[in-house]
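Biologist: Show me the model, please. I want to know what stands behind each label.

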Amino acid sequence: AERLAGRARVEFGVDVNGRFGLRAFDIIQARNLAGDVIRNLHNVSVANAHRTDTGLFAATELPVATRLTASVGVRADRITTANAGGFFGARSTSHTAASGHGALTAGPFGGVTLTGQVSRGFRDPVLSDRYYRGPSGRGFVTGNPALTPEKSTQLDVAARYASRRVRLGVFLYRYLIDDLVERYQTEIDFFFFRNRGEGRMRGVEVESQMDLGSGFTADLAAQIARGTLPEAGTFLDDAPADNISIQIRKAVGLGFAQLRLARFADDDRPGPTEVRHAGYTVVDVTAGVRLSRNLDVRALVRNLFDETYRVSPDVRAVLAPGRSLSVTAVARF
């Protein structure tokens, strides 16, 4: 529900979501040279598991002074999970957690708006983190029913500029994560989960959209992120390599042409289940044309120069797709 209360906008509600009837099986078949099945091995990775999250939330946004707006939000969640059968047998968990945020936005001043935010969050492990045991694309995984939710304290600062032809945003963040849920391996291809001390994520992101005139527009995005486990002196999984991308678009009559170039730096800060990999550059080209009032045709060439790179820094990751072409027709009725 949402309504105005004086100068404040107030929102409150209930959020109930979940996953039910999770089942997973793996079957290993042994065959002879003639292709006949000589042995079937059945393993129940998850027999029956479910998860329910019930949340109550409220938020308000209020002008507190000229060109100064405050926003506050709170939320309480009750998360329960249960597992029956499978490797872990009858297990269940229940956790209650509070989260929320407070922010101040100042501006605009000559097109510039500044925002600072402090927030508290949490993340409950997914069902497979707790109860799955079996093969995956990353190796053989064993869950951990004793996992507790992650909790985070987040500091965000944003500066935005807007004019008739230029929009620019610069975002800085610093996250402190307690009881980090970490995927780790004891030997090659055997992975487990555990809660692990405190993790830190910090970084800066830049986004810009520009009207260059003569039908040209440009989008720019750049990101630098660092994730560490201070107590171990190691890096976190899933922190992206430094990257920058630029996209140039040109309107041509009833159509358009677009070029996107993205550069990813060397990833020399792999997490516990990642590997170092070299940087790479990807070029994509798109073009489209309106053939009639009811029909558009678009073509997209991805990885134009057939760059070779890994799809992710994960230790079991494969190479990303090479050059590809797709053609799409959009019809209106």
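Biologist: What makes R269 and D242 a salt bridge?

Modeller: A salt bridge is a side-chain nitrogen of Lys or Arg within 4 Å of a carboxyl oxygen of Asp or Glu. The R269 and D242 side chains meet at 3.6 Å, N to O, so the pair fits that definition. R269 sits in the loop between strand 17 (255–264) and strand 18 (280–292). D242 sits in the loop between strand 15 (234–235) and strand 16 (243–252), 27 residues apart from R269. Strands are DSSP runs of E, at least two residues, numbered from the N terminus.

This is a predicted model: local features need pLDDT of at least 70, side-chain atom pairs count only at pLDDT 80 or more, and totals for chains, interfaces and linings use all residues. Residues are numbered from 1 along each chain as its sequence is written, and side-chain values use heavy atoms, leaving out hydrogens and water.

Biologist: Why is E182 called buried or exposed?

Modeller: Buried means under 20% relative accessible area, exposed over 50%, partly exposed in between (1.4 Å probe, protein chains only). E182 has 5% relative accessibility, so E182 counts as buried. R196 has 18%, so R196 is buried too. Their side chains meet in a salt bridge at 3.1 Å, N to O.

Biologist: And why is Y161 classed as it is?

Modeller: Its relative accessibility is 35%, so Y161 counts as partly exposed. Y161 lies in strand 9 (residues 150–162).

Biologist: What does S71 touch, leaving aside its neighbours within four places in sequence?

Modeller: Contact means heavy atoms within 4.5 Å. S71 is in contact with T60, E61, H101, G102 and A103. At 16% relative accessible area, S71 is buried.

Methods
Helix = DSSP H or I, 4+ residues; strand = E, 2+ residues; numbered from the N terminus.
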